[in-house]
Amino acid sequence: TDSSLFSDLSVSTRARSENYLFRGLAAGSYRLDFLDGGEENETRISSFFLDVAQRSGPYSATFGRQPGNTAGVASRFDGVRLSRRLAEQWRVTLRGGFPVEISDSDQVETGRYLYGISIDGEDLGGHVDAQLFALQQQADGLLDRNGIGTELRYADDRLFMAGYADYDLYFGDLNTALVSANWQIGPRTSATRFVDHRNSPILASWIAIQGQGVDRLEDLQDLYSDSEIKDLARDRTPRSTLVSLGGSQQLSDRVQLAIDISASRLSETPASGGVDAMPARHLPCPEEIK
């Protein structure tokens, strides 16, 4: 059913001058399909950016296709990130660009764009890192999503905790709530906790195109009003929940007892816009994924 050659290339560069530090990364893959009548050859570009930072100044910037997964940016994006350190422990960052769908990563998709700001505090009180962010995203002239949130991390010699929350003002919905903790109770005893409650995928107007036979949100505007598109996006976005508790006890120099308990669920979605309802179902926990 498949006969392909996969090629991956990653090129990383670093340079420095008297005043600046430079770092560049280009990474991608190419799939060559040998089957007659098979899928088309596929190119994916995962990273293509240049990072520039002052050696003794407060400014830094990143240009090009760069990682997201921070400050409300759910995936990599094509754009610019500008950062300025306000004091020894504080930094403000502006970012803007075009979200990247990995399946269409051989091009720059300008129909959707995002812009946002974040404020980061590092090593506050010697144990805490914190971030506050606000992000707005547009898609084909419609508000795609409008998120605000925070990320907190605490670490000392025995305890690490991290929390993340992303709330969408446009939909009035909590997109993501995540808490992770690792506690070294004693020299031989430790405990872990992980709770992840989120929309999967992140709720955005763009999701409304699922099952509608169109590729763009602007095509959907010929069929539905803006409020109906908003409702369709809600209906196509289930919520996933994963809870995991664990612990370990060193019984001897060669024997350790470890216990992990996990539960997960993906919520149901209603029928609407010609798309059938989807029942709630169990999701594989991390230890079930091979």
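**View 1. Phenylalanine 22 and its ring partner, tyrosine 20.** In this predicted model, phenylalanine 22 is partly exposed, with a relative accessibility of 30%. Its partner in this view, tyrosine 20, is also described as partly exposed, at 35%. Together, tyrosine 20 and phenylalanine 22 make an aromatic pair. A pair of aromatic rings is described by two things: the distance of the centres and the angle of the planes. For tyrosine 20 and phenylalanine 22, the centres are 6.2 Å apart and the planes meet at 45°, an arrangement called tilted. A search of the whole structure turns up 4 aromatic pairs, and the next view shows another.

**View 2. Phenylalanine 133 and tyrosine 164, a stacked pair.** How are these two rings arranged? Their centres lie 6.0 Å apart and their planes are at 20°, so the pair counts as stacked; the cut-off for stacking is an angle under 30 degrees. Look along the chain and you will find that this pair links distant parts of it. Phenylalanine 133 sits in strand β8 (residues 128-139), while tyrosine 164 belongs to strand β10 (residues 159-168), and the two are 31 residues apart. Is phenylalanine 133 buried or exposed? With a relative accessible area of 5%, phenylalanine 133 is buried, because buried means under 20%.

**View 3. The largest nonpolar core.** In soluble globular proteins, nonpolar side chains tend to be buried together. Here, the largest nonpolar core has 13 residues. Those with the most contacts inside this core are Trp206, Ala208, Ile209, Leu217, Leu220, Ile229 and Ala233. Two helices, α1 (217-220) and α2 (226-235), each supply at least two residues of the core. Which of the elements gives the most to this core? That is α2, with 3 residues.

**View 4. A closer look at leucine 220.** What does leucine 220 touch once its neighbours within four places in sequence are left aside? Leucine 220 is in contact with Ala208, Ile209, Gln212, Val214 and Ile229. Ala208, Ile209 and Ile229 are also listed among the residues with the most contacts inside the largest nonpolar core.

**View 5. A nonpolar patch on the surface.** Now turn to the outside, where Val243, Leu245, Leu251, Val255, Leu257, Ile259 and Ile261 form a nonpolar patch. Together these residues have about 630 Å² of accessible area. Strands β13 (239-250) and β14 (256-266) are the elements that each give two or more residues to the patch. Strand β14 gives the most, with 3 residues. Isoleucine 261 lies in strand β14, and its relative accessible area of 57% makes it exposed.

Methods. Residues numbered from 1 in each chain as written. Predicted model: local features only at pLDDT ≥ 70, side-chain atom pairs only at ≥ 80, totals over all residues. Heavy atoms only, no water. Core = buried A, V, L, I, M, F, W, Y, C linked by side-chain atoms within 4.5 Å. Buried < 20%, exposed > 50% of the residue type's maximum accessible area, 1.4 Å probe, protein only. Helix = DSSP H or I, 4+ residues; strand = E, 2+ residues; numbered from the N terminus. Contact = heavy atoms within 4.5 Å. Patch = residues over 30% accessible without salt bridge, like charges linked within 9 Å, V, L, I, M, F, W, Y side chains within 5 Å. Areas by Shrake-Rupley, 256 points an atom, 1.4 Å probe, with all protein chains shown as cover. Salt bridge = Lys/Arg side-chain N within 4 Å of Asp/Glu carboxyl O. Phe/Tyr/Trp six-rings, centres within 6.5 Å; stacked < 30°, edge-to-face > 60°.
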